[in-house]
Amino acid sequence: MDDNDSDDARERVLAEREARAKQLIASAEELDRTATRLERLNAAATLNASAAEAERSARRHEQRAAAQRLDEEAGEMERASTRMERSMAAGAAAELDALTDETKELILTVEENIKLREEARAFRASLLADDPSELKPTCK
């Protein structure tokens with residue numbers, strides 16, 4: 001019976017080793033699947049991080065481009081404002097020159113009128129001195 005017991009014991013040990021080997025194989029396969037999942041998750045996380053960085057970079061680029069456009073527009077507005085100020089100043093200077101000329105003409109006209117009025121008074125005074133009846137109104 002010793003041989004039978006020893007054969008049974010050997011078979012039990014072999015069965016236990018086989019069961020343990022199957023467990024180890026199943027564990028190894030599970031570890032392999034887990035490692036594969038982790039690699040995929042890591043790759044996805046890396047892609048997500050790269051995509052996020054690319055998006056941030058694109059936004060920064062867009063912001064720089066927008067800032068540059070704003071700077072260019074501000075420069076153009078400043079140049080347009082300067083042109084408009086110069087134009088307005090030239091227009092105001094021309095208008096001032098025209099008003100100055102008109103004022104000079106009015107002064108000359110007033111001076112001529114004063115001179116004519118003085119001549120008329122002198123003429124009237126000379127007529128009064130000669131014959132005051134000539135200056136009486138003729139209408140009744």
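**Exercise 1. Identify the partner of E18 and characterise the pair.**

*Solution.* E18 makes a salt bridge with K22, and their closest N and O atoms lie 3.6 Å apart. The model is a predicted one. The cut-off for such a pair is a side-chain nitrogen of Lys or Arg within 4 Å of a carboxyl oxygen of Asp or Glu. Next, consider the positions in the chain: E18 and K22 are separated by about one helical turn, because they are four residues apart in helix 1. Finally, consider the exposure of each residue. E18 has a relative accessible area of 47% and is therefore partly exposed, whereas K22, at 53%, is exposed. The boundary that divides these two classes is 50%.

**Exercise 2. Determine how R33 and E30 are paired, and which network includes them.**

*Solution.* Begin with the contact: a salt bridge joins the side chains of R33 and E30, with an N to O distance of 2.7 Å. The general principle is that side chains of opposite charge can pair when their charged atoms come close. The spacing in sequence comes next. R33 and E30 are three residues apart in helix 1, so about one helical turn separates them. As to exposure, R33 is partly exposed at 41% relative accessibility, and E30 is partly exposed at 34%.

A second pair serves as a parallel case. The side chains of E53 and R56 form a salt bridge at 2.8 Å, N to O. E53 and R56 also lie three residues apart in helix 1, about one turn of the helix. E53 counts as partly exposed because its relative accessibility is 36%, and R56 is partly exposed with a relative accessible area of 37%. To complete the solution, the network is that of E30, R33 and R37, which are joined through salt bridges with shared partners. Over the whole structure, the search finds nine salt bridges.

**Exercise 3. Locate the negative surface patch and describe the setting of D97.**

*Solution.* The negative surface patch consists of D97, D101, E102 and E105. D97 belongs to helix 1, which covers residues 2–130. With a relative accessibility of 47%, D97 is classed as partly exposed. Membership of a patch requires over 30% relative accessible area and no salt bridge.

**Exercise 4. Decide whether the protein is spread out or a compact globule.**

*Solution.* First, establish the secondary structure: the protein has one helix and zero strands. Second, compare the radius of gyration with the globule rule. The radius of gyration is 58 Å, well over the 14 Å given by the rule for 140 residues, so the protein is more spread out than a compact globule. Third, examine the dimensions: along the principal axes, the C-alpha atoms fill a box of roughly 190 × 35 × 15 Å.

A pair of residues illustrates the distances along the chain. L38 and V13 are 25 residues apart in sequence, and their C-alpha atoms are 36 Å apart in space. L38 lies in helix 1 and is exposed, with a relative accessible area of 53%.

**Exercise 5. Summarise the burial, surface and charge of the protein.**

*Solution.* Start with burial: 1% of the 140 residues count as buried, the cut-off being under 20% relative accessible area. Continue with the surface: the accessible surface comes to about 12800 Å², and carbon and sulfur atoms account for 56% of it. Conclude with charge: the protein carries 23 positive and 33 negative charges, and the mean positions of the two sets are 3 Å apart.

Terms used. Residues are numbered from 1 along each chain as its sequence is written. This is a predicted model: local features need pLDDT of at least 70, side-chain atom pairs count only at pLDDT 80 or more; totals for chains, interfaces and linings use all residues. Side-chain values use heavy atoms; hydrogens and water are left out. Patches are made of residues with over 30% relative accessible area and no salt bridge: like charges are joined within 9 Å, nonpolar side chains (Val, Leu, Ile, Met, Phe, Trp, Tyr) within 5 Å. Accessible areas come from the Shrake-Rupley method with a 1.4 Å probe; for residues, only the protein chains shown count as cover. Lys and Arg count as positive and Asp and Glu as negative; His and the chain ends are not counted. The place of a charge is taken as NZ of Lys, CZ of Arg, CG of Asp or CD of Glu. Helices (H or I, at least four residues) and strands (E, at least two) are DSSP runs, numbered from the N terminus. Buried means under 20% relative accessible area, exposed over 50%, partly exposed in between (1.4 Å probe, protein chains only). The radius of gyration is taken over C-alpha atoms; the globule rule is 2.2 Å times the number of residues to the power 0.38.
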